[in-house]
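Colleague: I am new to this structure. Please take the loop with an unusual backbone angle near the end of the chain, look at it closely, and then work outwards from there.

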Amino acid sequence: MTDNMKKRMALFLMAGMLFLAPLLSGCQSAADEKMQEYKVLGISQMEAGDYESAVNSFQKALDQSAGSIGAEELDICYYKALALYKSGDTEGAIEAYTALVEYDSKNWEVYYLRGNVYLQEGQTEEALADYEQAVSLHENDTELCAHIYENLVHAGMEESGQKYLTILLNIEPSDAEDYYYLGDIYYLNGDYDNAKTSLLQAQELGYDQTLLLLGRIYAAEGDDEGAKAAFESYMENYPDDAEALNELGQIALEAGEYENAVAYLEAALEAADAGTDEAVLKNLIIAYEYTYDFQSACDMAEEYLSRYSDEEIEREYEFLQTRVGADIEPAAEDEETTDETESADESDASDETGDTDDTDGGDE
């Protein structure tokens with residue numbers, strides 16, 4: 001697998017989808033300065049979540065080429081395809097993959113990527129056929145089998161995924177990435193002991209991404225300190241990683257460290273790309289509410305609902321609108337609650353003993 005392919009795969013895993021589709025038209029050869037300008041513009045628009053504009057920019061980049069297909073044109077096609085998918089044009093993505101299959105029927109990546117689109121659209125027979133073809137053209141690849149298995153599990157097709165799990169477990173790990181993906185599969189199946197064994201081996205071989213998965217395993221086992229240490233260790237080299245910052249924010253939330261949670265999550269939101277910040281926004285709404293910053297929580301809920309559909313957040317937004325301007329401080333509320341409780345206790349004691357004194361003579 002090329003370094004470029006690995007880079008793309010990592011990007012689309014974080015985005016929650018693995019898509020790279022070629023375009024049916026416009027893939028041409030000579031890349032000039034104008035092509036690069038439009039390409040950079042399109043990438044910037046994608047990062048901002050403006051996928052329709054990105055599609056137009058990538059097409060303009062392709063329009064600058066002179067006629068034949070080259071590596072640069074294909075790279076732009078990949079970006080444009082992702083933008084098309086993100087804008088909702090999955091049918092166009094499937095057609096584009098089909099065209100590329102006809103262009104190069106021995107390219108395993110194309111079958112795998114088209115299979116992802118089919119799976120997302122619920123066309124499971126087509127997805128399984130493409131996955132099988134991808135593996136037949138690229139045997140004994142740990143990463144490929146791991147991604148296929150995970151995709152099928154997340155789609156509720158565990159039985160179909162067993163075939164790829166068996167292939168994966170029979171592959172002898174040969175490098176850090178092999179150990180990482182093997183650990184990932186053990187983690188997905190709840191086998192934390194074997195997962196940690198494989199991941200620690202990957203870490204020893206210098207695969208930094210391992211620390212994120214180890215952190216999740218420690219958190220799942222209830223070892224918040226171990227999880228925090230793993231994420232913080234990862235962030236020594238990657239201080240602006242949105243995924244790690246979000247994980248630390250979740251740990252702080254669960255530990256009741258709400259101010260710390262807000263700090264982590266605000267940093268995660270700033271670092272996250274548009275379209276990959278759903279979990280961060282949701283956690284930040286909770287963190288703001290726990291710190292009694294109802295205005296920020298309400299604003300964040302409104303922003304969340306402008307991008308995503310979520311009945312739970314809709315109900316939360318309605319509640320937050322009633323709390324904006326309440327000016328409630330945590331300490332003040334706790335003190336008020338304590339005073340009310342003590343007053344109620346004294347009243348109950350008076351009713352039971354007929355004695356309003358603070359002495360315990362009634363008990364005697």
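Modeller: Start with a term. A helix here is a DSSP run of H or I with at least four residues, and helices are numbered from the N terminus. Keep in mind that the model is predicted.

Now the loop. It runs between α16 (278–290) and α17 (294–307), and Tyr292 sits in it. The phi of Tyr292 is positive, near 65 degrees, and Tyr292 is not a glycine. Why does that deserve a look? Because most residues other than glycine have a negative phi.

How covered is Tyr292? Its relative accessibility is 25%. Buried means under 20% and exposed means over 50%, so Tyr292 falls in between and counts as partly exposed.

Thr291 is found in this loop between α16 and α17 too. Its relative accessibility is 16%. That is under 20%, so Thr291 counts as buried.

What do these loop residues approach from elsewhere in the chain? Take Thr291 and Val262. They are 29 residues apart in sequence, yet their C-alpha atoms are 8.5 Å apart in space. Then take Tyr292 and Tyr258. Here 34 residues separate them along the chain, and the C-alpha distance is 10.0 Å. Tyr258 belongs to helix α15, which covers residues 258–271. Tyr258 is partly exposed, at 27% relative accessible area.

A cysteine comes next. Cys298 has 7% relative accessibility and counts as buried. Cys145 is buried as well, at 1%. A disulfide is a covalent bond between the sulfur atoms of two cysteines. The count of disulfides in this model is 0.

Is there another loop residue to set beside Tyr292? Asn140 has a positive phi of about 60 degrees, and it is not a glycine. Asn140 lies in the loop between α7 (124–137) and α8 (142–154). Its relative accessibility is 56%. That is over 50%, so Asn140 counts as exposed.

Helix α7 leads on to the salt bridges. The model has 11 of them. One joins Asp130 and Arg114, with the closest N and O atoms 2.7 Å apart. Asp130 is in helix α7 and Arg114 is in helix α6 (residues 108–120), so the bridge links distant parts of the chain, 16 residues apart. Asp130 and Arg114 are both buried.

A further bridge starts from α7. The side chains of Glu132 and Lys163 meet at 3.7 Å, N to O. Glu132 is in helix α7 and Lys163 is in helix α9 (residues 158–169), so this pair ties together parts 31 residues apart in sequence. Glu132 is partly exposed, at 45% relative accessible area. Lys163 is partly exposed too, at 42%.

Move further along. Glu221 forms a salt bridge with Lys196, and their closest N and O atoms are 3.1 Å apart. Glu221 lies in the loop between α12 (210–220) and α13, while Lys196 lies in helix α11 (residues 192–204), so the pair ties together parts 25 residues apart in sequence. The cover at the two ends has different labels. Glu221 is partly exposed, at 37%. Lys196 is buried, at 19%. Salt bridges that share partners also form a network, and it joins Arg216, Glu243 and Glu247.

One more link between parts of the chain involves Leu182. This residue lies in helix α10 (residues 176–188). It is buried, with a relative accessible area of 11%. Leu182 and Ser198 are 16 residues apart in sequence, and their C-alpha atoms are 6.6 Å apart in space.

End at the surface. Asp223, Glu225, Glu232, Glu236 and Glu257 form a negative surface patch. Glu225 is placed in helix α13 (residues 224–235). Glu225 is exposed, at 61% relative accessible area.

Back to the loop, then. Tyr292 has its positive phi, and Tyr292 is partly exposed. Thr291 is buried. From there, the C-alpha distances lead to Val262 and to Tyr258 in turn.

Conventions:
Residues are numbered from 1 along each chain as its sequence is written. This is a predicted model: local features need pLDDT of at least 70, side-chain atom pairs count only at pLDDT 80 or more; totals for chains, interfaces and linings use all residues. Side-chain values use heavy atoms; hydrogens and water are left out. Patches are made of residues with over 30% relative accessible area and no salt bridge: like charges are joined within 9 Å, nonpolar side chains (Val, Leu, Ile, Met, Phe, Trp, Tyr) within 5 Å. Accessible areas come from the Shrake-Rupley method with a 1.4 Å probe; for residues, only the protein chains shown count as cover. A salt bridge is a side-chain nitrogen of Lys or Arg within 4 Å of a carboxyl oxygen of Asp or Glu. Lys and Arg count as positive and Asp and Glu as negative; His and the chain ends are not counted. The place of a charge is taken as NZ of Lys, CZ of Arg, CG of Asp or CD of Glu. Helices (H or I, at least four residues) and strands (E, at least two) are DSSP runs, numbered from the N terminus. Buried means under 20% relative accessible area, exposed over 50%, partly exposed in between (1.4 Å probe, protein chains only). A disulfide is a pair of cysteine sulfur atoms within 2.5 Å.
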